[in-house]
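Colleague: I am new to this structure and would like to go through it with you step by step. Could we look at it together?

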Amino acid sequence: MQLIIRRFVTIVLMLYYNKNVHATLQDLSATEHGLSTIEVEERRRLHGANVIKVTGEPLWKKLIEPFANIFMLVLFIAAVISVIHGDILDAVIVGVIMIANGVIYYVQRFSTERILRSLQRHSTQLVETLREGKNITVQSEDLVPGDIITLSEGEKVPADARLIEAKSVRTDEALLTGESQPISKQVEALTGEKEIYEQSNMLFQGSFVVSGEAKAIIVHTGNNTQFGQLAALTGTTVTESPVQKKIDKLISQIIAVVGAMAVVAFALSMLRGMEIAESLKFVMALSVSAVPESLPVAISVVLVLGMRRMAARKALVRNMRAIETVGALTTIATDKTGTLTKNKLTAQETWQPASSSDDIALHVQKTINQGSHKTHDPLDSALIEYVTDHKLPALTHHQVASLPFDQAMAMSGNVWKQGDGLSVAIKGAPEQILHHSNLTESEREEATAALHKLTSQGYRVIAFAEAEIQKPIERFEDLPKKTIFTFVGFIAVADVLRPEAKKAIAAALHAGVTVRMITGDHLETAYHIARQLGMVSHRSQVFDSRRMAVMSDKELGDAIKDVRVFSRVIPEHKYRILEILKKHNITAMTGDGVNDVPALANAHVGVAMGSGSQIAKDAGDIILLDDNFKSIIDAMREGRTIITNVRRMLYYLLATNAGEALTMMGALIIGIPLPLMPVQILWINLVTDTSMVIPLGLEPGEKNIMDEKPKRPNAPILSKYIITRMILVALSMAATVLGMYIYYNALEGHEYANTIAFCALVVMQWSNAFNARSDYESMFSRLRVWNGKFYAGLAIAVGLQMLAIFGPLQSLLHIHTVLIGDLMLTGVIAFIVPIIIVESHKLVGRYHLRRTIAVQ
């Protein structure tokens with residue numbers, strides 16, 4: 001059936017690329033003025049939203065997922081053994097615990113998917129669409145067949161479309177065809193059957209416009225597009241973050257250790273004369289409680305909630321890998337315009353040679369594209385504002401062509417016809433325009449001195465010139481090499497620094513992260529701005545990127561070791577700078593345009609601007625919704641906090657689980673009755689662990705989180721410092737509980753001592769949860785940092801434990817009546833012991849941390 005559908009779609013597409021524009025409009029019952037509102041609604045009902053629906057996980061698989069693992073199998077076997085042995089109550093309790101674990105899993109998964117869906121709405125593409133003769137902006141999912149859209153450089157093609165108009169259009173169709181080179185597009189009808197990569201008058205969903213401007217009519221949307229068919233067949237893929245992979249590996253190692261421990265425990269219990277059914281239930285309960293099998297799901301929840309917090313801070317994370325890597329950054333290579341500045345340019349000064357009689361404002365007017373009804377370029381906006389302020393009369397010349405910005409020549413312009421003559425009005429980099437201008441030596445020196453004076457004040461300087469040509473051209477490449485420019489003058493524009501940029505840079509430097517500014521500005525302009533931001537102290541820290549052309553990678557690496565600012569950068573330079581920086585740094589690179597894509601895709605963390613092109617946003621790992629450098633630092637702080645919290649969760653679960661295991665193994669080794677019943681072990685695992693682990697993962701960051709040097713992404717998930725603390729806590733828990741059990745067993749008997757040991761172990765886990773809230777900071781000072789979710793989880797755990805001790809769950813959990821005084825005394829001791837152990841360990845840790853920071 002799918003093959004038939006694909007062949008049908010291919011035939012329809014062939015009809016469109018074989019037809020001319022007029023026939024295509026007729027076939028789609030559309031006009032060149034666009035669809036009406038009524039037509040759009042009718043077509044949306046017929047074709048549905050422009051959304052690709054992929055084959056998701058079936059419902060039955062989602063339902064059985066929390067039960068389809070080795071731990072649930074072990075619990076099921078334990079319940080069966082209880083039934084066979086006649087312990088129906090224990091079997092019911094185990095069944096309830098299994099169901100509760102499943103419900104918790106469903107809630108966590110539903111929350112994760114809901115948050116991810118809400119985050120995806122941040123990245124919805126807006127498309128310029130012609131409807132009822134007016135250009136409006138609509139969301140890509142609202143497009144229907146017959147809509148006429150306009151796309152420009154960097155924009156993503158939202159649906160399959162037939163080109164109506166094409167101005168130097170080239171597209172990147174690598175996602176569909178695997179072809180890495182851009183494909184040129186045109187409007188004329190084709191003959192014969194063509195493959196996708198040969199359909200030069202078609203645009204396909206998922207591809208990008210890398211140059212030019214296109215006007216096209218939508219022919220297919222959603223799953224009827226070529227990309228939609230591929231996506232529907234491949235289905236969804238889930239990519240794990242590095243931290244999840246590390247934890248999965250750690251849990252696999254823990255399972256192996258616990259398996260060996262279970263064999264030993266079973267052998268010891270049999271030697272002790274325990275019944276085989278009781279021994280099996282004990283070993284199974286111990287094995288399940290010793291392994292934090294629910295941790296991966298809990299961590300997914302914490303990571304996704306972290307993504308939502310980062311989005312609230314204007315940093316939209318597109319993949320979980322970036323959360324960990326952004327916290328480990330050692331250098332940030334950032335654009336200046338829009339990121340460190342507000343990207344609101346205004347003309348400040350003008351300069352013209354004394355011999356010039358031309359009106360520079362009139363010439364500026366000629367460099368502005370007269371056919372454009374809007375502009376996204378801040379420089380063009382500044383020039384339009386400058387021309388408007390001068391109230392110039394309308395131009396009587398006729399604009400023949402608009403020349404796009406040429407990276408090699410660093411200039412753009414317009415071709416004009418006046419009478420029988422043709423001329424090019426040019427704006428661009430001062431050095432390039434001065435180089436091509438017909439100036440005398442003294443005029444060149446005068447212009448260079450004026451340029452130096454303007455750039456030393458931090459201005460961005462744009463040069464203007466004019467050239468006579470013999471025939472129309474569409475690109476600067478077509479300009480005859482011997483063409484001489486007539487120099488007109490300079491306009492100095494200024495961009496306002498973001499007030500928070502300097503503080504954010506200082507925070508990054510304090511966190512051990514170097515910041516490097518990348519700009520196309522003149523060296524003097526870049527130096528002046530960098531000094532204002534506190535990035536440089538002398539000119540040797542500013543590098544003129546034009547020198548890169550004659551330098552080897554080794555020479556370049558040596559030259560930029562201490563460089564903090566790269567001036568006169570073109571997009572081709574960015575990728576090479578990135579490759580050099582990546583050799584010794586975990587690097588973030590910012591970008592917003594088509595030419596930034598290679599650097600964004602190859603950086604450890606690609607940071608795209610929210611106002612940038614769609615292709616840049618798709619290549620980035622993080623999108624700055626406000627284009628603000630401060631948002632990178634906020635994301636870095638959030639990334640460090642998230643990974644630290646994941647380590648807290650892991651520490652808490654492993655320390656407490658190890659404490660339970662050591663308690664039981666210790667009892668078997670020293671030859672005393674088991675201090676806990678199997679069902680009590682499962683209760684602790686369900687109630688205390690589940691209610692406290694996610695709140696610990698949502699703990700606010702420690703005050704010194706940005707004082708430490710970045711940790712390597714491949715660093716172990718748990719440091720030696722934390723592992724040492726885990727061992728100390730586990731040993732102290734086992735020793736305390738066994739000591740209490742032995743004491744009360746001698747005085748009051750096994751059942752009384754069992755209840756005391758059970759309650760003491762639970763209280764020690766609560767105490768350890770307080771310890772886990774910080775790695776270095778004292779628990780007592782951490783109490784001043786409010787975490788409502790932590791106290792809510794604690795309240796749930798305490799409430800359920802009170803039901804177990806004093807309520808209807810007493811008999812189910814084999815709780816014996818004990819004196820309140822004994823319960824309070826042992827509870828206080830159980831709460832204090834882990835705190836004393838961990839506070840002492842933190843004291844030593846803070847001492848070593850201060851010494852490390854002092855050395856840095």
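Colleague: Which elements are included in what covers the buried residues of helix 14?

Modeller: This is a predicted model, and in it helix 14 spans residues 378-389. Its buried residues are Pro378, Leu379, Ala382, Leu383, Tyr386 and Val387. An α-helix has 3.6 residues a turn, so residues three or four places apart point the same way. The cover over the buried residues of helix 14 includes helix 13 (360-367), together with strand 10 (341-351), strand 13 (421-428), strand 14 (460-469) and strand 15 (486-497).

Colleague: What distance does helix 14 reach from its first C-alpha to its last?

Modeller: Helix 14 has twelve residues, and at 1.5 Å a residue the expected value is 16 Å. The computed reach from the first C-alpha to the last is close to that expectation, at 16 Å.

Colleague: Which residue, with a positive phi, follows helix 14?

Modeller: After the helix comes a residue whose phi is near 50°. That residue is Lys391.

Colleague: Which helix supplies the largest share of the nonpolar patch on the surface?

Modeller: The patch is formed by Leu59, Trp60, Leu63, Ile64, Phe67, Ile99, Val103 and Tyr106, which together have about 800 Å² of accessible area. Two helices, helix 4 (59-64) and helix 6 (88-120), each supply at least two of its residues. The largest share, four residues, comes from helix 4.

Colleague: Why does Leu63 count as partly exposed?

Modeller: Leu63 lies in helix 4, and partly exposed covers the range between under 20%, which is buried, and over 50%, which is exposed. Leu63 therefore counts as partly exposed, with a relative accessibility of 45%.

Colleague: Which helix gives the largest share of the largest nonpolar core?

Modeller: That core has 133 residues, and those touching the most other members are Phe282, Leu295, Met517, Met535 and Phe629. The largest share of the core, 20 residues, comes from residues 629-670, which is helix 23.

Colleague: Which residues does Phe629 contact, leaving aside its neighbours within four places in sequence?

Modeller: Phe629 is among the residues of the largest core that touch the most other members. With those sequence neighbours set aside, its contacts are Ile332, Thr334, Thr339, Leu340, Ala504, Ile505 and Val515.

Colleague: What percentage of the residues of the protein count as buried?

Modeller: The protein has 29 helices and 21 strands, and among its contacts between residues at least 6 apart in sequence, 74% join residues at least 24 apart. Of its 856 residues, the share that counts as buried is 53%.

Note on methods. Residues numbered from 1 in each chain as written. Predicted model: local features only at pLDDT ≥ 70, side-chain atom pairs only at ≥ 80, totals over all residues. Heavy atoms only, no water. Buried < 20%, exposed > 50% of the residue type's maximum accessible area, 1.4 Å probe, protein only. Contact = heavy atoms within 4.5 Å. Expected span 1.5 Å × (residues − 1). Patch = residues over 30% accessible without salt bridge, like charges linked within 9 Å, V, L, I, M, F, W, Y side chains within 5 Å. Areas by Shrake-Rupley, 256 points an atom, 1.4 Å probe, with all protein chains shown as cover. Salt bridge = Lys/Arg side-chain N within 4 Å of Asp/Glu carboxyl O. Core = buried A, V, L, I, M, F, W, Y, C linked by side-chain atoms within 4.5 Å.
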